[in-house]
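Please look through the structure below before reading on. The notes after it are grouped by topic.

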Amino acid sequence: EMVCCMKKICVKKLVLSLDERTLLSQAYKNLIASRRSSWRVIVGLEQGEEQRGNERGAKLIRDCRKQVEKEVVEICDDVVSLLDAHLIPSAQPGEAKVFFLKVCFVEEMLFVLAGFVLSVLVAEFPH
């Protein structure tokens, strides 16, 4: 998997090239994008089962949704840890440092947004 390869490079190398930074960013972006797409489908299925009154089916789908949400949080934790422990401290001033700080900021905003979305969903669809 691309993320595993890029993590190894990040830990071993002190400075990443522009291409390596792009590959790292794209690898994590692809991981999140696939889960985001799955999450959307799962939420639609969950709502459909609830509207039909199929609580057993809704519960199974809800468990699946929670697993996808957990995976997204783990991915975000992983990239923030990599940024904090290796990439930001070793980045040279300038473009690379700005790139990593920007990624870190975006990831932190995703945490805030994810928490907000989850709280709205829990309030809207209590279980």
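**Helix α2**

Helix α2 covers residues 18-51, which is 34 residues, and at 1.5 Å a residue these should span 50 Å; the end C-alpha atoms of α2 are 49 Å apart, so the expected span and the model agree. The model is a predicted one. The points below cover what follows α2, how two other helices pack, and the salt bridges.

**After α2**

- G53 follows α2, and the phi of G53 is positive, near 80 degrees.

**Packing of α1 and α3**

- Two packed helices are described by the angle between their axes and the distance between the axes.
- For helix α1 (residues 2-12) and helix α3 (residues 55-90), the angle is about 20 degrees and the axes lie 10 Å apart.
- Angles under 35 degrees count as roughly parallel, so α1 is roughly parallel to α3.
- The crossing in which α1 passes α3 is left-handed.
- On the α1 side, the residues that meet α3 are V3, K7, C10 and V11. On the α3 side, the residues are D78, L82, H86 and L87.
- Sorted by class, this contact of α1 with α3 has 5 nonpolar, 1 polar and 2 charged residues.

**Salt bridges**

- Side chains of opposite charge can pair when their charged atoms come close.
- A search of the whole structure gives 10 salt bridges.
- One salt bridge joins the side chains of R35 and E71, with a distance of 2.9 Å from N to O.
- This pair links distant parts of the chain, since R35 is in helix α2 and E71 is in helix α3, 36 residues apart.

Technical notes. Residues numbered from 1 in each chain as written. Predicted model: local features only at pLDDT ≥ 70, side-chain atom pairs only at ≥ 80, totals over all residues. Heavy atoms only, no water. Axes fitted to C-alpha atoms, helices over the stretch in contact; angles between N-to-C directions. Helix = DSSP H or I, 4+ residues; strand = E, 2+ residues; numbered from the N terminus. Parallel < 35°, antiparallel > 145°, perpendicular 65-115°, else oblique. Left-handed = near helix turned anticlockwise from the far one by under 90°. Contact = heavy atoms within 4.5 Å. Nonpolar A, V, L, I, M, F, W, Y, C, P; charged D, E, K, R; others polar. Expected span 1.5 Å × (residues − 1). Salt bridge = Lys/Arg side-chain N within 4 Å of Asp/Glu carboxyl O.
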